[in-house]
Amino acid sequence: MPALAHELLDFRSDTVTRPTPAMRRAMAEAEVGDDVFGEDPTVNRLQRRMAEMLDKEAALFVASGTMSNVIAVRLHCRAGQELICESGSHIYNFEQSGYAQLCGVAARPVRGTGGVVQVEQLRELIRPDDPHYVRTALVCLENTHNRGGGRIQPYETVEAICRWAHGQGLRAHLDGARLLNAVVATGIKAPEWTKHFETVSVCFSKGLGAPVGSVLAGPAGLIAEAVRHRKVLGGGMRQAGILAAAALYALDHHVDRLAEDHANAGRLAAGIRQIDGLQLADDSIDTNMLFFRVDPSLGTAMEFSARLERCGLLMLPTARDTIRAVTHLDVGEADVDRAIELLGNAARGGVSRRD
Ligand SMILES: *Cc1c(COP(=O)(O)O)cnc(C)c1O
């Protein structure tokens, strides 16, 4: 029986959340102005607040995490230069190689374990000063790491990589789309993480539950330059305070509660461990995400998730045998228990009856 849209249990991503009534009220009541003139008081308030929270001189409100990351690459690299990143990273895989298309920059991907690379893997990667080669300019890290299963980068690893990068004259950028998940899960405050990087990107549209937006934070001079890059990318928005108000609301009300998402992901993982034919890709769940493998006897990940969808449960196939599930503001503990039940039913049904 097809479920109504609002009855679907949607675990595909933490981007599917809808603004709550209170968030919508904050948006409706936002004081606005023309942000291209720098005159939107709500955007300005959000930017100041994020600069403070991330302990950077300035921050810029942008349309998306993708825009934030590509602006960062443009700030740190010229055409003919290269950035180093983890091979499963969002920048490398899911942003249409904007670094190449829009910046003329090459990428040097390094395979990590669960999204975590070690400084020893990077030491030999600096290109020699020789006209045959591009010039190495930037290291990008992702925290938490999306394809690493919401993995928190070990703090010492981040510190070691950035210390090495700066010692080599490279810059460091943090794709912190879900940095606040790492902050809440570890208790390590945002400035402790961000102090190792020139620039940091944070998304409001993920676990924080706002409909739109990210910020790029960094030194005032770089962020002033970022305004130009945002404009040429078509990202100069006008009465954007309506969106910034949602982000401010999320900062007031949706940060500490990320711990609930983490507990729910752990609960979902515990349920999946009990289901024959499903296996967690990584047994330890750091934050609000998990990946699990579907035994071939249950069909492909695509077939299995289609079976789930017919019962009103949405999860995201990410490889032939792998599915991702993400917890967020719009799925509570009872929804997790229902999801475990539906997964169990689908796994049992799949063994006896292929559909
Ligand atoms: C979602 C995400 C982004 C950017 O996403 P947008 O959809 O462009 O806002 C960047 N990095 C990571 C790790 C992400 O998960």
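Which residues are around the ligand? Let's start there, and keep in mind that what we're looking at is a predicted model. Going along the chain, you have S64, G65, T66, N69, H90 and E95, then E142, N146, D175, A177, R178 and K206. If you sort that shell by class, you get six polar residues, five charged ones and one nonpolar. As for where they come from, helix α3, residues 65-76, is the top contributor to the shell, with three residues.

Now some distances. The side chain of T66 puts an N or O atom 2.5 Å from an oxygen of the ligand. D175 has a polar side-chain atom 2.6 Å from a ligand nitrogen. And K206 has a side-chain N or O atom 3.1 Å from a ligand oxygen. How much of the ligand's accessible area does the protein cover? The ligand on its own has 380 Å², and 85% of that is covered by the protein.

Okay, on to the inside of the protein. In soluble globular proteins, nonpolar side chains tend to get buried together. Here the largest nonpolar core runs to 53 residues. The ones with the most contacts inside that core are L46, M50, F61, L141 and F204. Which helix gives the most to this core? That's α10, residues 241-253, with eight residues. There's also a second core, separate from that one, with 27 residues, F11, L308, L313 and M315 among them.

Let me zoom in on L46. Skipping its neighbours within four places in sequence, L46 is in contact with F61 and F204, plus A244, A247, L248 and L251. Pick A247 out of that list, which sits in helix α10. Is A247 buried or exposed? A247 counts as buried, because its relative accessibility is 0%. Again leaving out residues up to four places away, A247 touches L46, F204 and A210. If you want one long-range pair to look at on screen, try A247 and C203: they're 44 residues apart along the chain, and their C-alpha atoms are 9.2 Å apart.

Last part: backbone oddities. Most residues other than glycine have a negative phi, and most peptide bonds are trans. So where are the exceptions to look at? One is the peptide bond from N143 to T144, which is cis, with omega near 0 degrees. T144 belongs to the loop between β5 (135-142) and α6 (155-167).

Then there are two positive phi values outside glycine. D55 has a phi of about 55 degrees, and it's in the loop between α2 (41-53) and β2 (58-62). With 54% relative accessibility, D55 counts as exposed, because the cut-off for that is over 50%. The other is S97, with phi near 50 degrees, in the loop between α4 (90-93) and α5 (98-101). S97 is partly exposed, because its relative accessible area is 26%.

One more loop residue before I stop. R257 is in the loop between α10 and α11 (258-273). Is this charged residue buried or exposed? R257 counts as buried, because its relative accessibility is 12% and the cut-off is under 20%. And what does R257 touch? Not counting residues up to four places away in sequence, R257 touches G207, H328 and L329.

Key
Residues are numbered from 1 along each chain as its sequence is written. This is a predicted model: local features need pLDDT of at least 70, side-chain atom pairs count only at pLDDT 80 or more; totals for chains, interfaces and linings use all residues. Side-chain values use heavy atoms; hydrogens and water are left out. A nonpolar core is a set of buried Ala, Val, Leu, Ile, Met, Phe, Trp, Tyr and Cys residues joined through side-chain atoms within 4.5 Å. Buried means under 20% relative accessible area, exposed over 50%, partly exposed in between (1.4 Å probe, protein chains only). Helices (H or I, at least four residues) and strands (E, at least two) are DSSP runs, numbered from the N terminus. Contact means heavy atoms within 4.5 Å. A residue is near a molecule or strand if one of its heavy atoms lies within 4 Å of it. A polar contact is a pair of N or O atoms within 3.5 Å; within protein, one must be able to donate a hydrogen and the other to accept it, and residues adjacent in sequence count only if both atoms are side-chain atoms. Accessible areas come from the Shrake-Rupley method with a 1.4 Å probe; for residues, only the protein chains shown count as cover. Ala, Val, Leu, Ile, Met, Phe, Trp, Tyr, Cys and Pro count as nonpolar, Asp, Glu, Lys and Arg as charged, and the others, Gly among them, as polar.
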